[in-house]
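Subject: Handing over the structure

Dear colleague,

Here is the structure I promised to pass on, with the sequence alongside. Please keep it open while you read the notes that follow.

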Amino acid sequence: MFKYRFDNKKFSFYFLSKLDVIVPIENWNELQSNYLSQIAILSELHDNGLAEYLDDACSVENAVILHLSDIDKQILNLPETYPYEIFIEPIGTLTHNTFKFKYGFYDFHPNGNRLNAKLDGATLAVNENLYLLSEKQYETCQNIDKFNDLTDDEKGNVVNLQALSKLKILSKERGIKLDNFLNSQELFIPEKITLNAHFDNGVLGISPAVEIENSVSFTNTFNKLPVVRDIYPVSGNDGTTTRVLFAENQKTELQKIKSLGKITDPAKIRDIVENHEQYFDSDIVDSKNLSTDEILNFYGARVTEIGIYSPKFYAFTSPYKSEWIPGIVVKDKVHGEKRIYFKTSDKLSYFIEQKDKAAKNGENILHWEGVDLPIEDAEKFIQIAKQQFKNPNTPVKSEKKSDNEVLIIKENAELTEFTNGIELPEQLQHKFSKINNLSEGISLKEHQKEGISWLQSLFKENLSGGLLADDMGLGKTLQLLYFIEWHSQHYNEDKPYLIVAPVSLLENWENEYKKFFNPQNLPLLKLYGSVSLTRGNEPRKNHKNAKDLQFRQIILTNYETVRSYQFSLGLVDFAIIALDEAQKIKTPGALVTNASKALKADFKIAMTGTPVENTLVDIWCIIDFAIPGLLGNAKDFAKEYQNPLQDENTNRKELTERLRGQIGIFIKRRLKKDVAKDLPNKYDNAKIRTVMPRAQLDRYKLEIERANDTSLKGIEGRNQILKSLWAVRDISDHPYLLENNFRNFSSDELISSSSKLQTTVGILADIRSKDEKVIIFADRRETQKMLQKVVYESFGTFPRIINGDTPTTKQHEGKANLSRQQTIDNFQDVSGFNIIIMSPIAAGVGLNVTQANHVIHYTRHWNPAKEEQATDRAYRIGQKKDVYVYYPMAIFPEEMKDENGNKLKSFDEVLDLLLNRKKALANDALFPTEEAEITPDELFGSIFGTTGK
């Protein structure tokens with residue numbers, strides 16, 4: 001069993017044999033299956049970059065441990081969560097340099113008893129009991145200890161109040177309480193001072209401002225007082241008084257403002273406006289308002305101003321006629337975004353119920369439709385969704401606006417404001433230009449030569465760019481890198497090349513460039529993770545950043561870096577910019593979209609195998625990056641192409657062919673089946689139907705009875721059908737997943753209780769006999785863990801899980817991406833039989849597993865395009881063997897018939913039929929893949945004999 005030691009920062013887990021001897025890490029996989037769940041949790045943390053293997057232990061930081069679910073903490077035999085309160089009170093006078101905070105642990109009622117407790121890092125010993133603090137409680141104690149350790153010289157009025165400000169934010173969490181005095185203090189500590197310029201009859205006045213509700217009151221008070229103060233009391237509209245605090249370095253800048261007074265000398269006015277960064281410390285003072293027009297001259301022609309970003313809501317981007325429906329955009333730094341829509345208030349009601357259930361069970365995450373939502377975010381969404389259903393004709397806008405300035409561009413949203421103004425040729429003559437440093441053993445396929453010559457010809461014709469929309473797995477990376485290498489050898493310009501991609505793909509871009517070319521003509525710069533650029537609009541620093549980047553090199557970066565450092569990157573004059581997985585900029589007006597379009601380059605390439613996901617406006621937005629103006633403005637485009645799709649009588653094929661014709665020479669789209677003739681065969685029809693065993697069938701029938709309970713009407717009836725739909729989905733995978741009690745059973749018991757699991761084990765046995773590798777796709781974490789347990793106990797192989805979990809802190813992001821790639825590399829490097837378990841979502845972007853030539857879709861994705869993308873992790877260029885794809889299906893016995901004597905179809909069979917119908921739609925590059933996704937409403941009637949109540 002596991003035993004652990006902990007210090008102030010980490011837990012170290014040791015596995016003991018029956019003789020209490022520590023077992024080395026490398027032998028953990030050979031241990032008894034009783035401990036598989038414990039090993040699986042630590043392995044999953046390690047594989048996703050959140051834990052470190054030592055020689056004989058697994059080391060996990062406190063913050064990661066505290067973020068685990070309650071179930072995982074129990075499996076690891078960790079202490080229970082501290083159930084009482086931390087009470088914080090002052091020692092001494094708040095404004096003095098001897099002041100300290102004191103915290104104690106109480107079994108709190110209004111007047112509680114102080115507990116005899118001893119804190120060690122994240123663990124708290126109370127008498128004979130040991131507890132774990134919550135994440136916020138741990139952070140609170142860490143902050144107090146850090147403050148109390150300061151010397152008297154380091155403390156003081158402002159420092160003390162700054163520490164209190166942090167504690168007041170933390171005290172909003174359950175289990176943390178400030179005493180009445182500390183709780184009553186209203187404080188504001190500005191991160192930066194903003195300067196506002198006022199010109200009046202040739203006189204320049206400069207005033208400071210801070211971001212509080214009554215900022216005008218602060219500015220007036222500052223202007224009236226002759227000297228700069230540490231603290232400014234500002235009265236609010238509700239009668240309260242907020243103390244605005246300034247540090248010493250901020251007071252120095254305020255004194256500079258005070259000293260300037262009213263400026264009348266024209267030469268000095270011009271000098272301050274043009275060189276304001278020389279008058280004020282840009283790390284402390286935001287002086288951008290003193291000058292913007294001059295700065296714009298250095299940016300691209302599409303940039304119109306520098307201003308505050310406000311989210312855009314364009315009615316023509318909604319796929320649902322004139323009505324707006326609430327939805328969640330789940331953004332993941334590794335895998336992009338997924339949109340979940342709530343078309344009915346009934347679905348929202350069920351969502352609320354599941355959220356409440358998760359919260360009641362002490363979980364921080366709600367699992368919903370294949371994604372993980374923080375409970376806190378789900379609660380915020382519910383409030384917005386309720387408002388949206390009350391008024392479906394108007395989009396509910398978030399009250400919170402970004403307080404950061406950005407590059408404002410000509411968006412081409414409602415008017416065609418920006419085009420490149422180049423006369424477009426009707427035809428493009430492809431002529432391939434060869435380079436001589438392609439690595440030995442690397443050869444171009446014919447479709448790749450055609451793609452490269454297409455890019456070369458577009459560039460030679462002085463056109464602005466194109467959309468490379470080849471099917472997944474056809475080598476878009478090689479085509480683009482070859483084009484860049486060719487350009488660098490033939491055009492002697494001191495300009496860099498920028499490749500923007502999701503962070504999980506950047507390491508692959510680096511490796512591919514080194515593999516494809518010998519020697520490499522260009523140095524590589526990795527501009528992601530820890531970036532040494534200036535984030536905001538600080539002209540002097542921005543220009544220096546741009547100058548440092550302005551030479552012949554390949555810069556690898558991600559979309560978040562482009563968005564965050566747009567003021568510096570927008571000043572760089574790039575030779576070529578390529579956006580990989582360009583659907584990241586499919587939304588008009590979004591921050592990352594506008595930041596990408598603000599970049600300037602001689603040539604821009606968008607690369608994506610799925611140019612249309614939600615609506616046809618997606619491809620408009622991508623084309624508007626590469627060839628702005630080609631498709632006009634978004635409003636007119638939507639009217640011509642998107643809106644007709646809302647009419648069922650519209651000839652979709654004719655519509656999309658007309659759009660394809662308008663894009664013309666600027667899109668290159670090839671499918672694997674048409675061009676990759678040398679790819680091995682793919683056998684994609686192994687749908688293995690196995691009759692459910694009694695335990696599975698009985699549990700399935702019970703859900704059918706519940707769904708058809710005629711005593712439930714209206715919303716209650718529909719909610720029950722939704723519950724039962726999710727239930728039969730889980731039961732079809734395994735009946736014990738529903739109550740999450742599969743760990744209580746042996747593998748033999750689990751296999752005997754699920755026809756789908758029986759089929760899967762049989763498939764795996766056959767693959768093992770061939771000494772080959774397999775990917776198993778399953779979307780829910782509990783299903784993944786069940787499969788891991790069964791595979792380990794049945795085959796002696798411990799399969800890794802790649803589930804796409806996003807790290808909770810930035811410091812873990814790089815480790816996580818590296819760990820995922822290393823996990824796949826390790827899987828592929830093992831000779832012979834091996835198994836890896838992946839979620840279809842994690843497989844959507846950037847994870848190539850060509851050493852596996854078997855794919856099992858244990859859980860079917862409801863979107864046929866996304867399911868195909870998952871399969872393409874194995875079936876792509878680089879695959880040497882024939883690929884076999886399996887779909888295990890749980891079905892009813894022959895005697896189960898409907899009232900007309902027809903055999904009843906199970907959930908798996910109904911889902912398979914619907915997916916087959918929609919596959920043709922999903923294969924059309926210009927058809928919105930989200931519209932091909934199966935909805936619960938489409939399943940209701942066939943599963944329960946009803947369309948809902």
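**Contacts and cores**

Leaving aside its neighbours within four places in sequence, Ile605 is in contact with Leu455, Gly466, Leu480, Phe483, Ile576, Ile577, Ala578, Leu579 and Phe625. Please bear in mind throughout that this is a predicted model. Ile605 belongs to the largest nonpolar core, which holds 92 residues, and together with Leu480, Phe483 and Trp509 it is among the members that touch the most other members. Helix H20, covering residues 617-626, supplies the largest share of this core, namely 8 residues. A second core, separate from that one, has 56 residues, including Ala40, Ala51, Phe105 and Val158. As general background, nonpolar side chains in soluble globular proteins tend to be buried together.

**Aromatic rings**

Phe105, which was named above as part of the second core, also turns up among the ring pairs. A pair of aromatic rings is described by the distance of the centres and the angle of the planes. The count of aromatic pairs comes to 36. In one of them, Phe11 and Phe13, the ring centres are 6.3 Å apart and the planes meet at 20 degrees, so the pair is stacked, the cut-off for stacking being under 30 degrees. Phe11 has a relative accessibility of 0% and therefore counts as buried, and Phe13 is likewise buried, with a relative accessible area of 0%. For Tyr103 and Phe105 the centres lie 5.9 Å apart, but the planes stand at 85 degrees, so this pair is edge-to-face. Both Tyr103 and Phe105 are buried, and ring pairs link them with Tyr82, Tyr84 and Tyr131 into a cluster.

Two lysines are placed over tyrosine rings. Lys687 lies over the face of Tyr887, at 5.9 Å from the ring centre, while the charged end of Lys770 sits over the ring of Tyr884, 5.4 Å from its centre.

**Strands and single residues**

An open sheet is formed by 4 strands in the order E6-E11-E10-E9, with mixed pairing. Its edge strands are E6 (80-81) and E9 (117-120), each of which pairs on one side only. Strand E9 pairs with strand E10 (residues 123-126) in the antiparallel sense over 4 bridges, and within that pairing Val126 of E10 is the bridge partner of Ala117.

Elsewhere, Leu366 is found in strand E23, residues 365-368, and it counts as buried because its relative accessibility is 3%. The C-alpha atoms of Leu366 and Lys355 are 6.1 Å apart in space, although the two residues are 11 residues apart in sequence.

Is Lys251, in helix H8 (residues 248-260), buried or exposed? Lys251 counts as buried, because its relative accessibility is 19% and the cut-off for buried is under 20%. Leaving aside its neighbours within four places in sequence, Lys251 is in contact with Val228, Arg229, Asp230 and Phe246.

**Cysteines**

A disulfide is a covalent bond between the sulfur atoms of two cysteines. In this model the count of disulfides comes to 0. Cys58 counts as buried, because its relative accessibility is 0%, and Cys621 is also buried, with a relative accessible area of 0%.

With best wishes

How values were computed:
Residues numbered from 1 in each chain as written. Predicted model: local features only at pLDDT ≥ 70, side-chain atom pairs only at ≥ 80, totals over all residues. Heavy atoms only, no water. Pairing = 2+ DSSP bridges. Helix = DSSP H or I, 4+ residues; strand = E, 2+ residues; numbered from the N terminus. Buried < 20%, exposed > 50% of the residue type's maximum accessible area, 1.4 Å probe, protein only. Phe/Tyr/Trp six-rings, centres within 6.5 Å; stacked < 30°, edge-to-face > 60°. Lys NZ or Arg CZ within 6 Å of the ring centre and 35° of its normal. Core = buried A, V, L, I, M, F, W, Y, C linked by side-chain atoms within 4.5 Å. Contact = heavy atoms within 4.5 Å. Disulfide = S-S within 2.5 Å.
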